[in-house]
Amino acid sequence: MLPIVQTINAFLSDYVLIFMLLGVGLWYTFRTKFVQIRYFKEGFKRTFGGILLKGNKQDSGMSSFQALATAIAAQVGTGNIVGASGAILTGGPGAIFWMWIIAFFGMATIYAEATLAIETREKSESGEVLGGPVYYIRTAFKGGFGKFLAGFFAVAITLALGFFGCMVQSNSIGATFSTAFGVPGWTIGIVLVILCGFIFIGGTQRLASVTEKVVPIMAAIFILGGVVLLAMRIQYIPVTFGMIFKYAFEPQAIVGGGFGMALKTAISQGAKRGLFSNEAGMGSTPHAHAQANVKNPHEQGTVAMIGVFIDTFVILTLNALVVISTMYTPDGPIGKGVIPEGIDKTNLAQTAFASTFGDKVGPTFVAVCLFFFAFSTILGWNMFGKINMIYMFGEKAAKIYTVIALVFIFLGTCAENDLVWELSDMFNQLMVIPNVIALFALTGLVLHIERKREEKHNEDKDK
């Protein structure tokens with residue numbers, strides 16, 4: 001089964017994914033007149049203007065910051081450390097450039113996703129806020145076609161994130177803790193199940209309370225460690241950026257093979273891992289943004305853009321600079337393009353930090369950071385899957401879903417399985433198709449929301 005799934009993934013990431021993600025990002029970038037630039041300052045102010053680690057309790061849903069924290073919790077996970085490392089190993093340092101491109105246009109995409117999620121959200125009988133692609137897909141397409149697309153998306157995200165995705169995250173936690181501390185994977189699995197189960201049972205309010213505290217702290221710790229390492233390797237920073245730009249267009253010089261194949265590999269790795277990292281266009285984080293208690297959809301759209309910026313241009317880029325400046329420089333073990341035996345995507349970041357911080361401190365630092373990254377991602381992804389499970393089977397299915405998800409989380413720490421990674425990638429990519437189709441179909445609604453905000457802004461200025 002593994003070769004079949006790998007073939008499907010290669011086709012999706014090399015062709016379908018690139019055209020759809022770049023296409024919808026370019027489409028919304030130009031149709032909104034570069035919304036990611038025009039409203040970046042507004043989004044930044046809304047995000048950090050009143051940041052609290054203990055927000056006010058919400059009657060339902062979340063505060064805008066809690067929704068963003070939950071979205072970033074889902075975005076900042078193994079995609080930033082393990083995924084980015086895998087992209088660099090396979091596509092060379094130039095793959096990071098293509099991640100940046102995907103993220104820049106993805107900021108316009110996530111603006112559309114978040115505004116639509118707010119505009120089309122609903123409330124369940126118990127008062128829970130339900131919103132996300134299944135709801136705006138049904139808005140875009142009435143009748144059987146809309147029902148099919150929404151159902152296809154709901155199944156794909158439940159498998160991709162709720163089950164296989166959480167398994168991938170817990171696997172990364174188990175692997176890094178085993179490397180750093182020699183702790184058996186199953187013991188980490190038990191701890192994760194207890195922690196996750198406690199939070200899952202508490203519902204949206206408990207999850208929001210956890211993510212609004214964990215996300216800022218985990219980001220600050222990783223940024224501090226990365227900045228310290230880069231300060232110690234400051235003489236290599238210019239050549240590091242040089243390699244990112246050079247190998248974006250000449251990847252064959254580092255990954256080997258012909259120019260065409262090497263360039264395709266660099267771009268596809270950047271697109272695939274960029275998607276897995278910032279999730280713009282995938283349709284996952286709109287579930288979190290739909291929870292935000294805001295005055296209008298535009299407000300959360302601008303906040304959502306900052307989430308993609310933080311994920312890719314801050315966290316992922318910092319990790320990439322650490323890896324490239326220590327591993328790919330002339331004095332690094334991969335300086336000549338040959339990957340030593342024993343180095344792979346799961347331990348590349350640990351090896352990079354260990355080269356400067358030492359064999360004990362480096363792996364320990366990455367293990368602790370990855371625990372928080374992957375743990376918070378599990379929380380966000382579980383919520384996204386639960387919303388779609390409720391859409392398909394009703395609120396009674398939520399408890400069954402939670403039990404199954406906890407089993408997958410435990411199993412992920414016990415064994416490494418390439419098939420699980422590939423299946424997670426496949427369903428991640430399949431989610432893009434119905435989501436992007438709906439985004440194109442609802443362009444008029446997004447532009448209407450943005451235009452109303454522009455008119456209101458102009459009226460306020462005149463007063």
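Me: What makes the link between the side chains of S284 and E279 a polar contact?

Reply: In this predicted model, the side chains of S284 and E279 come to 2.3 Å of each other. A polar contact needs a pair of N or O atoms within 3.5 Å, one able to donate a hydrogen and the other to accept it, so the 2.3 Å pair qualifies.

Me: Where is S284, and which residues is S284 in contact with beyond its neighbours in sequence?

Reply: You will find S284 in the loop between α13 (259–278) and α14 (286–289). Setting aside neighbours within four places in sequence, S284 is in contact with I157, L161, E279, F384 and M431.

Me: Why is S284 called buried?

Reply: The relative accessibility of S284 is 0%, and buried means under 20%, so S284 counts as buried.

Me: What makes R38 and E450 a salt bridge?

Reply: Their side chains meet with N to O at 2.9 Å. The limit is 4 Å between a side-chain nitrogen of Lys or Arg and a carboxyl oxygen of Asp or Glu, so this pair passes. R38 belongs to helix α2 (residues 35–38) and E450 to helix α20 (residues 443–462), so the pair links distant parts of the chain, 412 residues apart.

Me: Are R38 and E450 buried or partly exposed, and how do you know?

Reply: R38 has 35% relative accessibility, between the cut-offs of 20% and 50%, so R38 is partly exposed. E450, at 9%, falls under 20% and is therefore buried.

Me: How do you know that E42 and R453 form a salt bridge, and what does the pair tie together?

Reply: The closest N and O atoms of E42 and R453 are 2.8 Å apart, and the cut-off is 4 Å, so the pair counts. E42 lies in helix α3 (residues 40–48) and R453 in helix α20, so the bridge ties together parts 411 residues apart in sequence.

Me: Why are E42 and R453 classed as buried?

Reply: E42 has a relative accessible area of 13%, while R453 has a relative accessibility of 19%. Buried means under 20%, so E42 and R453 each earn the label.

Me: Why does the pair E212 and K213 count as a salt bridge?

Reply: Their side chains meet at 3.7 Å, N to O, which is within 4 Å, so the pair is accepted. E212 is buried because its relative accessibility is 2%. K213, at 30%, counts as partly exposed. Elsewhere, salt bridges with shared partners join E42, R46, E299 and R453 into one network.

Me: How many salt bridges does a search of the whole structure find?

Reply: The search finds 6 salt bridges.

Me: Now for the cysteines: how many disulfides are there, and why is C166 not bonded to C196?

Reply: A search of the whole structure finds 0 disulfides. The cysteine sulfur closest to that of C166 is in C196, 7.5 Å away, and a disulfide requires sulfur atoms within 2.5 Å, so they are too far apart for a bond. C369 is in no disulfide either: its nearest cysteine sulfur, again that of C196, is 18 Å away.

Me: Are C166 and C369 buried or exposed, and how do you know?

Reply: C166 has a relative accessible area of 0%, and C369 has a relative accessibility of 3%. Each value is under 20%, so C166 and C369 are buried.

Me: What about L411: why is L411 called partly exposed, and how far is L411 from C166?

Reply: L411 lies in helix α18 (residues 397–414). Its relative accessibility is 40%, which is between 20% and 50%, so L411 is partly exposed. The C-alpha atoms of L411 and C166 are separated by 10.0 Å, although the two residues are 245 apart along the chain.

Me: What makes the phi of K33 and of F34 worth a look?

Reply: Most residues other than glycine have a negative phi. K33 has a positive phi, near 55°, and F34 has one near 60°. K33 is in the loop between α1 and α2, and F34 is found there too.

Me: Why is K33 called exposed and F34 partly exposed?

Reply: K33 has 62% relative accessibility, over the 50% cut-off, so K33 is exposed. F34 has a relative accessible area of 29%, between 20% and 50%, so F34 is partly exposed.

Technical notes: Residues numbered from 1 in each chain as written. Predicted model: local features only at pLDDT ≥ 70, side-chain atom pairs only at ≥ 80, totals over all residues. Heavy atoms only, no water. Helix = DSSP H or I, 4+ residues; strand = E, 2+ residues; numbered from the N terminus. Buried < 20%, exposed > 50% of the residue type's maximum accessible area, 1.4 Å probe, protein only. Contact = heavy atoms within 4.5 Å.
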